[in-house]
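Welcome! Let's take a friendly walk through this structure, one part at a time.

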Amino acid sequence: ARIYALEINVTSGSASATNGTQVLTLPCKLWNTSGITGSMLTADLVITALTAGTNVTITAIGKSS
């Protein structure tokens, strides 16, 4: 399988995201037009709600080969 895009949106409230080596500014989109196998991020993605009632939507677009 190949990952083409990862989109993280905060639909209400506020949140932070990090992959262990960098802080991601939300909302964010990560993409690779040719798709990649393996990890798109350099480490685990950690998303933290900063306020009560925070809603976060994560969309991953991939394709099985």
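How many bridges join β2 to strand β3, and do the two run parallel or antiparallel? There are 2 bridges between β2 and strand β3 (residues 23-24), and the strands run antiparallel. Keep in mind as you look around that this is a predicted model.

## A hairpin and its neighbour

β2 and β3 together make a hairpin, with 4 residues between them. Look for Gly-20 in the turn: its phi is positive, at about 90°. Within the pairing of these strands, Thr-18 stands opposite Val-23 in β3.

β2 also pairs with strand β5 (residues 46-49), through 4 bridges and again in the antiparallel sense. Here Thr-18 turns up once more, standing opposite Val-46 in β5. So that you can find these places easily, note that strand β2 covers residues 15-18.

## Two faces of β2

Which residues of strand β2 lie on its covered face, and which on its uncovered one? Ala-15 and Ala-17 make up the covered face. Ser-16 and Thr-18 belong to the uncovered face. Thr-18, then, is a residue of the uncovered face that has Val-46 of β5 opposite it and also Val-23 of β3.

## The three-stranded sheet

Next comes an open sheet of 3 strands, in the order β4-β1-β6, with antiparallel pairing. Its edge strands are β4 (28-36) and β6 (55-63), each of which pairs on one side only. From one strand to the next, the twist averages 15°. As a general point, strands of a sheet pair through backbone hydrogen bonds, in either a parallel or an antiparallel way.

Strand β1 spans residues 2-12, and 5 bridges connect it with β4 in the antiparallel sense. To see one example, find Leu-6: its bridge partner in β4 is Leu-30.

## One salt bridge

How many salt bridges does a search of the whole structure find? The search finds 1. It is formed by the side chains of Lys-29 and Glu-7, at 3.3 Å from N to O. These residues come from distant parts of the chain, 22 residues apart, with Lys-29 in strand β4 and Glu-7 in strand β1.

Is Lys-29 buried or exposed? Lys-29 counts as exposed because its relative accessible area is 54%, and the cut-off for exposed is over 50%. Glu-7 has a relative accessible area of 24%, so this residue is partly exposed.

Key: Residues are numbered from 1 along each chain as its sequence is written. This is a predicted model: local features need pLDDT of at least 70, side-chain atom pairs count only at pLDDT 80 or more; totals for chains, interfaces and linings use all residues. Side-chain values use heavy atoms; hydrogens and water are left out. Two strands pair if DSSP finds at least two bridges between them. Axes are lines fitted to C-alpha atoms, for helices over the stretch in contact, and angles run from 0 to 180 degrees between N-to-C directions. A salt bridge is a side-chain nitrogen of Lys or Arg within 4 Å of a carboxyl oxygen of Asp or Glu. Buried means under 20% relative accessible area, exposed over 50%, partly exposed in between (1.4 Å probe, protein chains only).
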